[in-house]
Amino acid sequence: MKTTMQQQTALNVEQHVKSNEINAISPVTNVVLNILFWVYTVLCLFPILVVLAVSFSDQKQVTLHGYNIIPRQFSLDAYSYLLNDATQIVHAYGLSILVTVIGTTLGLLMTALFAYPISRQDFDFRTFFSFFLFFTMIFGGGLVPWYIVFTNWLDMRDTIWALIIPGLLFNAFYVIIMRTFFQTSIHPSIIESAGIDGAGELRIFFRIILPLSTPVMATIALFYTIGYWNDWFNSLVFIQQDKLVSLQYLMYKTMMNLQFLVSNAANTGNAGGAIAKLPGETVRMAMAIIGMGPIVLAYPIFQKYFVKGLTIGAVKG
């Protein structure tokens with residue numbers, strides 16, 4: 001008995017010593033980790049600060065001295081050129097925000113509605129729909145059939161749906177991510193308990209599954225948001241009216257027009273004229289600053305749901 005008590009005492013002393021060692025090391029480790037994260041943060045912010053500085057720089061100074069974190073000569077020529085027709089930019093901004101919100105909401109709903117059934121082991125057609133999903137990831141019809149379907153069959157040309165549905169509304173890879181989350185993070189006993197209490201499938205899905213899936217929903221929503229906001233190809237292919245083009249395509253078209261003017265001035269021997277002096281590189285940076293606005297605000301919003309979702313849902317007992 002005495003030996004057992006001595007062993008227990010020795011074990012407690014050893015644990016106490018280890019605890020003190022951990023406590024002694026922890027402040028140093030925290031300082032090192034904080035320094036590393038601060039360095040990483042600065043490295044991430046540095047390119048954005050350079051882009052911002054160049055957008056407020058004079059084009060001649062940028063050509064002569066390159067990029068600088070602090071503008072050598074402050075200038076608003078790039079923003080004056082872009083905002084020459086501010087009404088069109090504001091309209092494109094509103095359209096892009098509308099398309100992003102609608103597309104993200106519909107895409108997230110369709111992804112979840114497809115991923116949840118194939119994650120259930122008791123779903124009879126689980127194998128068939130999973131094969132259908134994987135098949136679309138491997139094989140595609142090509143650009144021409146894709147264009148014909150949305151223009152001749154669905155008649156989406158020059159409509160807002162042409163910016164939402166083609167190629168962005170449903171992504172098989174996102175379905176696989178969400179299906180894997182449903183299988184690994186939501187225990188079947190939760191669904192069984194809800195079924196025993198009389199809940200139907202739709203009630204289980206909307207009242208139990210979705211609230212427990214906040215992390216993956218926020219992740220996929222962020223992917224959809226970035227995809228819709230950065231899309232310019234659908235506007236190029238399907239839209240001919242300027243009032244329906246997205247912000248990214250409007251910026252792209254502005255940049256192409258500017259490059260054409262500058263190169264045409266150089267080819268015609270008017271290198272010293274007013275057209276050749278138009279801001280080229282600074283306009284490119286100003287376009288990046290104008291285009292990144294809302295998408296930068298999306299990250300902290302989704303981050304809140306990441307943290308909150310980690311504490312939701314568990315099988316207890």
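**View 1. Buried and exposed parts of the whole chain.** Of the 317 residues in this protein chain, 33% are buried, meaning under 20% relative accessible area with a 1.4 Å probe, protein chains only. The chain exposes about 19,800 Å², and carbon and sulfur atoms supply 67% of that area; accessible areas come from the Shrake-Rupley method with a 1.4 Å probe. Please keep in mind that this is a predicted model, in which local features need pLDDT of at least 70, side-chain atom pairs count only at pLDDT 80 or more, and totals for chains, interfaces and linings use all residues. Residues are numbered from 1 along each chain as its sequence is written, and side-chain values use heavy atoms, with hydrogens and water left out.

**View 2. The helices.** The protein chain has 13 helices and zero strands; here helices are DSSP runs of H or I with at least four residues, strands are E runs of at least two, and both are numbered from the N terminus.

**View 3. The largest nonpolar core.** This core holds 64 residues, and Met178, Phe182 and Ile209 have the most contacts inside it. A nonpolar core is a set of buried Ala, Val, Leu, Ile, Met, Phe, Trp, Tyr and Cys residues joined through side-chain atoms within 4.5 Å. Elements giving two or more residues to this core include α3 (77-82), α7 (172-185) and α13 (281-309), while α4 gives the most, with 11 residues.

**View 4. Around Phe182.** Leaving aside neighbours within four places in sequence, Phe182 is in contact (heavy atoms within 4.5 Å) with Ala112, Ala115, Tyr116, Ser119, Ile209 and Ser213.

Technical notes. Buried means under 20% relative accessible area, exposed over 50%, partly exposed in between (1.4 Å probe, protein chains only).
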